[in-house]
Structure formats: structure tokens, C-alpha cells
Amino acid sequence: VAVTSIHAGIEPPVLNQILNHDSTMAEANSIRSRFFGRTIFCAIDRLESLKGIPLKLLAVERFLRRCPEWVGKVVLIQIGISAHERGDDYKRTRNEVTETVNRINEMWPGTIQFQECSESSMKLQQ
């Protein structure tokens, strides 16, 4: 059994600095252009079972089944941060996420944009 307790907070001055960084603004504009006219949801989570990526994907799937008028109007951009140190939990979660993303995108192409990244690649260039 592995137990993780992480308390996360947001430092508003740091967040504002990141949001106003040239690379952040350029990426945000690129995303807006690529998905023009669609409602965009973005998330960054670790690929661990307790972090909820699989449940988030199932929620999107259920939402589109219940509200088909939204098909083609929403996109979820999900970044999964590798958690190799979590061993089998990471592997199971990564496989479940990949299978779910593929299933959703087969039904509604382009709805989920998923990318796995290492934590080190998430650092903002200074």
C-alpha cells in the first residue's frame, strides 16, 4: 500500500508571472487557434491512480453521451506527468488512460488531446 499526501497551494504572484511569460502566452494563443470555436479544457496531472485522470476521461465520455449537442464543441487537453517511481500503479494508470483516450477519440475524433511528459520537461524556461 502506498499513501501519498500532497498539499498544493497557488502563489498568486508566481502564477501571474507564469501566465504572463512569453512562452506561456505563445502556447495559449497556439491552442486557441488550433481549437478555434471550441470550449477548451486543460489539465496537468500525474499519471497515478489517485490523481483522477481516468475518472476525468470517463466524465467527458458520459457528458458527451448525455449531451450530444456538445460533440465537436469541446476538447480536453490532458498532460500526464510520468510517475515511473510509482511502479505498477503508474503502468496500470497509463494503460487505462491510453485505452480510454483511444476509445473516446474513436467515437468523437479529436475530443481528447493526451500527451505524457516527464516532470523535468514541465519546467518553465527563465
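**Exercise 1. Determine whether the two faces of strand β2 are covered or open in this predicted model.**

Solution. Begin with one side of β2, where Val-74, Leu-76, Gln-78 and Gly-80 are all buried. Turn next to the other side, where Val-75, Ile-77, Ile-79 and Ile-81 are likewise buried. Both faces of β2 are therefore covered, and because eight of its eight residues are buried, the strand is largely enclosed by the rest of the structure. The division of residues into two sets follows a general pattern, since in a regular strand the side chains alternate between the two faces of the sheet.

**Exercise 2. Work out the order of the strands in the sheet, and state which strands stand at its edges.**

Solution. First take the pairing of β1 with β2, which is parallel and runs over eight bridges; within it, Thr-39 has Val-74 as its bridge partner in β2. Then take the pairing of β2 (residues 74-81) with β3, which is also in the parallel sense and runs over six bridges; here Gln-78 stands opposite Phe-114, and Ile-79 has Gln-115 as its bridge partner. The three strands thus form an open sheet in the order β1-β2-β3. It follows that β1 (39-46) and β3 (112-117) stand at the edges, because each has a single partner strand and is left without a neighbour on one side. From one strand to the next, the twist averages 15°.

**Exercise 3. Describe how the helices connect the strands, and give the handedness of each β-α-β unit.**

Solution. The unit made by β1, α3 and β2 is right-handed. From β2 the chain crosses through α4 to β3, and this crossover is right-handed as well. Helix α3 (residues 53-66) packs on the sheet, where it touches β1, β2 and β3, and its direction makes about 170° with that of β2.

**Exercise 4. Identify the residues with the most contacts inside the largest nonpolar core, and examine the surroundings of Ile-112 and Thr-93.**

Solution. The largest nonpolar core has 14 residues, and those with the most contacts inside it are Leu-57, Val-97 and Ile-112. To this core α3, β2 and α4 each supply at least two residues. Leaving aside neighbours within four places in sequence, Ile-112 is in contact with Leu-57, Val-60, Leu-76, Val-101, Ile-104 and Asn-105. Thr-93, for its part, lies in helix α4 (residues 88-107) and counts as buried because its relative accessibility is 2%, where the cut-off is under 20%. With the same exclusion of sequence neighbours within four places, Thr-93 is in contact with Leu-47, Glu-48, Ser-49 and Pro-54.

Technical notes:
Residues are numbered from 1 along each chain as its sequence is written. This is a predicted model: local features need pLDDT of at least 70, side-chain atom pairs count only at pLDDT 80 or more; totals for chains, interfaces and linings use all residues. Side-chain values use heavy atoms; hydrogens and water are left out. Two strands pair if DSSP finds at least two bridges between them. Helices (H or I, at least four residues) and strands (E, at least two) are DSSP runs, numbered from the N terminus. Axes are lines fitted to C-alpha atoms, for helices over the stretch in contact, and angles run from 0 to 180 degrees between N-to-C directions. Contact means heavy atoms within 4.5 Å. Buried means under 20% relative accessible area, exposed over 50%, partly exposed in between (1.4 Å probe, protein chains only). A nonpolar core is a set of buried Ala, Val, Leu, Ile, Met, Phe, Trp, Tyr and Cys residues joined through side-chain atoms within 4.5 Å. A crossover is right-handed if, with the strands pointing away from the viewer, the path from the first strand over the helix to the second runs clockwise.
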